[in-house]
Amino acid sequence: MDWILQGIKEAILLLLHGDKEVIGITLLTLRVSCTATLISVLIGVPIGYLLAFYNFPGRKFFVSMVNLGMGFPPTVVGLWVFILLSRNGPLGDWELLYSPVAIIIAQAIIASPIVMGFSVAAFQQLNPKIRVQILSLGASQLQLMFLLVREAWLGLMAAVMAGFGGVISEVGASMMVGGNIRGETRTLTTAMVMEVSKGQEDLAIALSLILLCLAYLVVVVLTMNQQRGRTIQ
């Protein structure tokens, strides 16, 4: 119990003293996770829209693949990104391995199926008559998509939060393609793994509390946006 309390005390001291390394790790974690989530939203929401409203051969197969992707082990994603970006891989000339960009790529691949799956569910929960009514008013396909996105806003924000939650807590892929290099690719999750392996559980607890606070702050901002203007009567 003492080392847990020591970890909490350590977290408070790290935050109060403004430890430069911890601040750098925290900012990098926030940057790569938010960027990966944004990329996954730009990919996942349009594809979710297509899968929800358009019928084409193989549609159910694609939906099943998206649902499979929602549970992809991060280490598997990390392994394939590592293979693609390694020196002998097809994208080895880009020299992205062991860089924050490599972590962003891996995390975006992890989050995209999550955002797609939630987006499909959010769009399919809409009343089918809404789409017909909007089209009957002469809206273009682009206007139709924006209006349906607005109607499905609650579900889509849940998709964003699920995608962010999937990457902010991810460690296997980040460790594999980022390398946990001090000052360059070390994130809060990879730093925690390292501190535990060194036997410094109190510092790992401190980092975990900082990660929880960071994740909570981002989710609060997203939740406030999701619930804006909505009251329960």
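Leu207 touches Leu188, Ala191, Met192 and Glu195 when residues up to four places away in sequence are not counted, contact meaning heavy atoms within 4.5 Å. The model is predicted, so that local features need pLDDT of at least 70 and side-chain atom pairs count only at pLDDT 80 or more, while totals for chains, interfaces and linings use all residues. Residues are numbered from 1 along each chain as its sequence is written, and side-chain values use heavy atoms, with hydrogens and water left out.

Leu207 lies in helix H11, helices being DSSP runs (H or I, at least four residues) numbered from the N terminus. With a relative accessible area of 3%, Leu207 is buried (under 20% relative accessible area, 1.4 Å probe, protein chains only). The C-alpha atoms of Leu207 and Ile4 are 12 Å apart in space, although 203 residues separate the two in sequence.

The largest nonpolar core, a set of buried Ala, Val, Leu, Ile, Met, Phe, Trp, Tyr and Cys residues joined through side-chain atoms within 4.5 Å, has 20 residues, and those with the most contacts inside it are Ile168, Leu188, Leu207, Leu211 and Leu222. At least two residues of this core come from each of H1 (2-17), H2 (20-53), H8 (153-168), H10 (188-197) and H11 (201-227), with H11 giving the most, 8 residues. Leaving aside neighbours within four places in sequence, Leu222 is in contact with Met157, Val160 and Met161.

Technical notes: Buried < 20%, exposed > 50% of the residue type's maximum accessible area, 1.4 Å probe, protein only.
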